[in-house]
Amino acid sequence: MDVNRREQNIKSIIKLENRIIKCRRCPGPLKCISKPAMGKGDLVPEAIIVFECENTNTRQLEWIVELRNAVQKYFNVEAAYHTFMVRCQPKACPLGDAIPCRITNPLLGSNDICRLSNQYCSGTPIKPTDESVVNCLNYLIEELDIFQPRYVLLFGKRVTEFIFRAYGILESIQDRLVFYHEGTTYLSIINDQSFRAEDIKNLAALV
């Protein structure tokens, strides 16, 4: 284990996360989140899984552990990490939508209790807009640059499209596409809704 690298990564990630917490680029979604989504896992990762945003699966610790274990096994790496392209999951909520956008203070407490209804948040998660993705993308690019992993698994068509464009790759988007950038192998997983941990074996066979 490279102790110096781990310590440097920790310092860099703490600085990055502090900037994400203070970010006010998307005032709408900010109203209905208690805190932005952050990456989790080993801080010297050889493989990183990138999701579009938090979803039902990523909130299930058992599913995440199963997926990361499969990545470590079939890609023959010791450390894995997962993160998000969009940090603030937008929600459809009549109460939140009625509040002017100029109000940027969160309506949710740390326990996800809405300050307007005094009940647990009932907002419905919706797809992030392209504007939200663009506002957040630089954080993901910086995160990948900090870690410089051997492999990056891109979950979903939008994640693949935006990462491709960020690196100047204009190829048509396909499932199970492999491309290389500055020593890192990127793999696209377009059909992410039907993807299972056991599918990692077939994905690893592509590299």
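**View A. The lining of the largest cavity divides into 9 nonpolar, 2 polar and 1 charged residues.** In this tally Ala, Val, Leu, Ile, Met, Phe, Trp, Tyr, Cys and Pro count as nonpolar, Asp, Glu, Lys and Arg as charged, and the others, Gly among them, as polar. Please keep in mind that this is a predicted model, where local features need pLDDT of at least 70 and side-chain atom pairs pLDDT 80 or more, while totals for chains, interfaces and linings use all residues. Residues are numbered from 1 along each chain as its sequence is written, and side-chain values use heavy atoms, without hydrogens and water. The cavity holds about 110 Å³ of space (the volume filled by probe spheres set on grid points, which are joined across faces, edges and corners). Around the cavity you will find I20, C23, C26, P29, L30, V86, R87, C88, S132, N135, C136 and Y139. Two or more lining residues come from each of α2 (27–30) and α5, and α5 has the largest share, with 4 residues. (Helices, H or I runs of at least four residues, and strands, E runs of at least two, come from DSSP and are numbered from the N terminus.)

**View B. The second largest cavity encloses about 70 Å³ of space.** C32, C93, L95, L107, L108, C114, S117, Q119, Y120, C121, S122 and G123 form its lining. That makes 8 nonpolar and 4 polar residues, with no charged ones. In total, the model has 2 cavities of 30 Å³ or more. (On a 1 Å grid over the protein atoms alone, a cavity is a set of points where a 1.4 Å probe fits but cannot get out; a pocket is an open set with protein on both sides within 12 Å along at least five of seven lines; lining residues have an atom within 4 Å of a point.)

**View C. The largest pocket offers about 640 Å³ of space.** Among its 29 lining residues, K35, A37, E54, R59 and D112 lie nearest the centre. Helix α3 and strand β3 are the elements that give two or more residues, and α3 contributes the most, with 4. By class, the lining has 15 nonpolar, 6 polar and 8 charged residues.

**View D. About 280 Å³ of space lies in the second largest pocket.** E52, C53, N55, K127 and Q193 are the closest to its centre, out of 18 lining residues. Here 7 charged residues join 6 nonpolar and 5 polar ones.

**View E. Helices α1 (residues 3–22) and α5 (residues 130–147) cross at roughly 170 degrees, their axes coming within 10 Å.** The two helices are therefore roughly antiparallel (an angle over 145 degrees). From α1, R5, N9, S12, I13, L16, R19 and I20 meet Y139, E142, E143, I146 and F147 of α5 (contact means heavy atoms within 4.5 Å). These comprise 6 nonpolar, 2 polar and 4 charged residues. (Axes are lines fitted to C-alpha atoms, for helices over the stretch in contact; angles run from 0 to 180 degrees between N-to-C directions.)

**View F. An open, mixed sheet of 6 strands runs in the order β1-β3-β2-β6-β8-β7.** Its edges are β1 (40–41) and β7 (178–181), each paired on one side only. Strand β1 pairs with β3 (residues 80–84) in the antiparallel sense over 2 bridges (pairing needs at least two DSSP bridges), and G41 faces Y81 of β3. Helix α3 (residues 61–74) lies across β1, β2 (47–51), β3 and β6 (151–155), at about 140 degrees to β2. Helix α5 also packs on the sheet, touching β2, β3, β6 and β8 (184–189), with its direction at about 165 degrees to that of β3.

Methods
Angles under 35 degrees count as roughly parallel, over 145 as roughly antiparallel, 65 to 115 as roughly perpendicular and the rest as oblique.
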